[in-house]
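Reader: Please take a close look at one side-chain contact in this model. Then work outward from there, step by step. Keep the account connected.

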Amino acid sequence: MKNDRSPTERRAYKRYPVQKSAFVILRNGSMNPGQITEISLGGMVFRNICKNGNSPGASEIDILLADFTDAFVIRNLQVKAVADRGISEENPISSTRLRKQVISFGSLTPTQTSRLKYFIRFYTSSSV
């Protein structure tokens with residue numbers, strides 16, 4: 001017997017596509033920012049380039065908008081890695097690879113939560 005039910009959504013928050021160039025900075029000394037592609041109040045998805053195909057882990061990040069008309073930053077967000085996978089083939093000439101990473105946010109301060117809601121409202125295709 002075939003089950004026609006759709007899979008149960010496990011996310012607590014809806015993800016929204018980011019409409020402007022926004023970046024994540026890993027607070028681990030990594031010099032490669034990641035480009036945010038989707039975000040929610042619970043976490044986000046970003047792409048970044050990694051040396052040797054390995055992702056540098058981080059437990060804290062900053063989010064910033066790459067828009068010269070608007071200075072927007074959220075600092076010191078606690079995060080936990082959820083998923084990490086390569087999205088480009090390894091290049092035999094170079095040891096860099098493009099990766100897709102999914103992270104969840106840890107405990108947020110009221111200010112961080114407010115800034116995150118602002119970001120979602122004005123920089124994504126949301127109706128929050």
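**A polar contact and its surroundings**

Author: Start with D62 and R27: their side chains make a polar contact at 2.8 Å. Keep in mind that this is a predicted model. D62 sits in strand β5, which spans residues 60–65. Is D62 buried or exposed? D62 has a relative accessible area of 6%. The limit for buried is under 20%, so D62 counts as buried.

Now the company it keeps. Setting aside neighbours within four places in sequence, D62 contacts F23, V24, I25 and R27. D62 also contacts I74, R75 and N76. Two of these partners, F23 and I25, lead to β2.

Strand β2 covers residues 22–26. β2 and β5 run antiparallel, joined by five bridges. One place to see the pairing is A22, which stands opposite L65 of β5. β2 also pairs with β3, again antiparallel, through two bridges. There, F23 has Q35 of β3 as its bridge partner.

Next, the faces of β2. In a regular strand, side chains alternate between the two faces of the sheet. β2 shows this alternation. A22, V24 and L26 point to one face and are buried. F23 and I25 point to the other face and are not buried.

Move one place back from D62, to I61. Leaving out residues up to four places away in sequence, I61 touches V24, I25, L26 and R27. R27 is thus a contact of I61 and a polar partner of D62. I61 further touches M44, I74, R75, N76, L77, V79, I103 and F105.

That list points to the core. The largest nonpolar core has 22 residues. Which members touch the most others? They are I36, I39, M44, I61, I63, F105 and F119. Strands β2, β3 (34–39), β4 (43–51), β5, β6 (73–86) and β7 (96–105) each give this core at least two residues, and so does α1. The largest share, four residues, comes from α1.

So follow the core to the helix. α1 runs over residues 110–123. Aromatic rings are the next stop. The whole structure holds six aromatic pairs. One of them joins F72 and Y118, with ring centres 5.8 Å apart and planes at 15°, so the pair is stacked. F72 lies in the loop between β5 and β6, and Y118 in helix α1, so the pair ties together parts 46 residues apart in sequence. The two partners can be compared by accessibility. F72 is at 2% and counts as buried. Y118 is at 38% and is partly exposed. F72 and Y118 belong to one aromatic cluster, along with F119, F122 and Y123.

Last stop: T124, in the segment after α1. T124 is buried, at 9% relative accessible area. The side chain of T124 reaches the backbone oxygen of I120 at 2.4 Å. Beyond its neighbours within four places, T124 contacts Y16, P17, V18 and Q19, plus I39 and F119. I39 and F119 both appear among the core members that touch the most others. T124 and E38 are 86 residues apart along the chain, yet their C-alpha atoms are separated by 8.3 Å.

Conventions:
Residues are numbered from 1 along each chain as its sequence is written. This is a predicted model: local features need pLDDT of at least 70, side-chain atom pairs count only at pLDDT 80 or more; totals for chains, interfaces and linings use all residues. Side-chain values use heavy atoms; hydrogens and water are left out. Buried means under 20% relative accessible area, exposed over 50%, partly exposed in between (1.4 Å probe, protein chains only). Contact means heavy atoms within 4.5 Å. A polar contact is a pair of N or O atoms within 3.5 Å; within protein, one must be able to donate a hydrogen and the other to accept it, and residues adjacent in sequence count only if both atoms are side-chain atoms. A nonpolar core is a set of buried Ala, Val, Leu, Ile, Met, Phe, Trp, Tyr and Cys residues joined through side-chain atoms within 4.5 Å. Two strands pair if DSSP finds at least two bridges between them. Rings of Phe, Tyr and Trp (its six-membered ring) pair if their centres lie within 6.5 Å; planes under 30 degrees apart count as stacked, over 60 as edge-to-face and the rest as tilted.
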